[in-house]
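Here are a few exercises to work through with the model open beside you. Try each task before you read its solution.

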Amino acid sequence: MSIRIVIADDQAMVRVGLKLVVESEPGMEVVGEAADGLEAVTVARRTRPDIVLMDISMPRMDGLTAARKLLDWPDPPKVVMLTTFDTDENLYAALRAGTSGFLLKVSPPEQLVEAIRVVVGGDALLDPAVTTRVIASFAGRHDPAPPPQLADLTPRELEVLRFLARGLTNAEIAAQLFVGEATVKTHVARVLMKLHLRDRAQAVVFAYESGVVRPGAAVG
């Protein structure tokens, strides 16, 4: 079955470009387009896509508000925020809302296609460059008290959480720990389950908000 996609961006040329990339890829189809957040919610309700590519800054209803509405649905679509780098606080808020990550509007076509497959496959998309900007927004925050659920993690699971917070993929974590990717995948699943998190994107937020990782600190 095809991956069903809705594109929401107030710039018509951006929508056209994204649609051309998506529909040139076998197994993907654009089932709807929207020029603002309000229309995005309406179109997504009608078409029931697997994933929504959502611009952050749009008229009538911004992308973040629209994403929150979509993610409140039972069995919601995945939402990936489209960004140009200049809305760090919105990116952080988007992660907290449960979006599956970010994609730079200037990303090459092959990265867009891979991003869609990654997110629909149940993973999170955390572009390292964007993640760095989001992490930087945590600098200067007060030291938080560790949440009690951290005690449920094993030392290895805590280590994996720290790597997740840095935006590492399963393959990169496996290389760091000298284990197989299947082992890492198991650890990640257990971390998310024990911390009651939806995906890796929320794990990043949790790790920094709980003080497990601090900006500029070494992993480990």
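**Exercise 1: the chain as a whole**

How much area does the protein chain expose, and what share of it do carbon and sulfur atoms supply? Then take stock of the fold, remembering that this is a predicted model.

*Solution.* Start with the surface: about 10500 Å² is exposed, and 55% of that comes from carbon and sulfur atoms. Next, count the secondary structure elements: there are 10 helices and 5 strands. Now look at burial. The chain has 220 residues, and 50% of them count as buried. Finish with the contacts: among those with a separation of 6 or more, 67% join residues 24 or more positions apart.

**Exercise 2: two helices and their packing**

Work out how α8 and α9 are oriented relative to each other, and which residues meet between them.

*Solution.* First, recall what you need to know: packed helices are described by the angle and the distance between their axes. Here α8 spans residues 170-177 and α9 spans 181-195. Their axes are 9 Å apart and make an angle of about 105°. Angles of 65 to 115 degrees count as roughly perpendicular, so α8 and α9 are roughly perpendicular to each other.

Now go to the contact itself. From α8 come N170, A171, I173 and A174, and from α9 come E181, V184, K185 and V188. Sort the residues of this contact by type and you get 5 nonpolar, 1 polar and 2 charged.

**Exercise 3: positive phi outside glycine**

Find where R48 and F178 sit, and say for each whether the residue is buried, partly exposed or exposed.

*Solution.* Take R48 to begin with. R48 has a positive phi of about 50°, though it isn't a glycine. Its place is the loop between α2 (37-47) and β3 (51-55). The relative accessible area of R48 is 46%, so R48 is partly exposed.

On to F178. Again the residue isn't a glycine, yet the phi of F178 is positive, at about 60°. F178 belongs to the loop between α8 and α9, the pair of helices from Exercise 2. Its relative accessibility is 76%; exposed means over 50%, so F178 counts as exposed.

**Exercise 4: a residue in a helix**

Which residues does I116 touch, leaving out those up to four places away in sequence?

*Solution.* Locate I116 in helix α5. Check its cover: with a relative accessible area of 1%, I116 is buried. Then list the partners: I116 touches I3, I5, V22, M28, I51 and L53. As an extra, step over to V79, which is 37 residues from I116 along the chain; the C-alpha atoms of I116 and V79 are separated by 9.9 Å.

**Exercise 5: a serine and a glutamate**

What does the side chain of S107 reach, and how far apart in space are E159 and H187, C-alpha to C-alpha?

*Solution.* S107 lies in the loop between β5 (102-104) and α5 (109-120). Buried means under 20% relative accessible area, so S107, at 16%, counts as buried. Follow its side chain and you arrive at the backbone oxygen of L104, at 2.8 Å.

For the second part, find E159 in helix α7 (residues 155-165). At 24% relative accessibility, E159 counts as partly exposed. E159 and H187 are 28 residues apart in sequence, and their C-alpha atoms are 9.8 Å apart in space.

Notes: Residues numbered from 1 in each chain as written. Predicted model: local features only at pLDDT ≥ 70, side-chain atom pairs only at ≥ 80, totals over all residues. Heavy atoms only, no water. Axes fitted to C-alpha atoms, helices over the stretch in contact; angles between N-to-C directions. Helix = DSSP H or I, 4+ residues; strand = E, 2+ residues; numbered from the N terminus. Parallel < 35°, antiparallel > 145°, perpendicular 65-115°, else oblique. Contact = heavy atoms within 4.5 Å. Nonpolar A, V, L, I, M, F, W, Y, C, P; charged D, E, K, R; others polar. Buried < 20%, exposed > 50% of the residue type's maximum accessible area, 1.4 Å probe, protein only. Polar contact = N/O pair within 3.5 Å; in protein donor to acceptor, adjacent residues only side chain to side chain. Areas by Shrake-Rupley, 256 points an atom, 1.4 Å probe, with all protein chains shown as cover.
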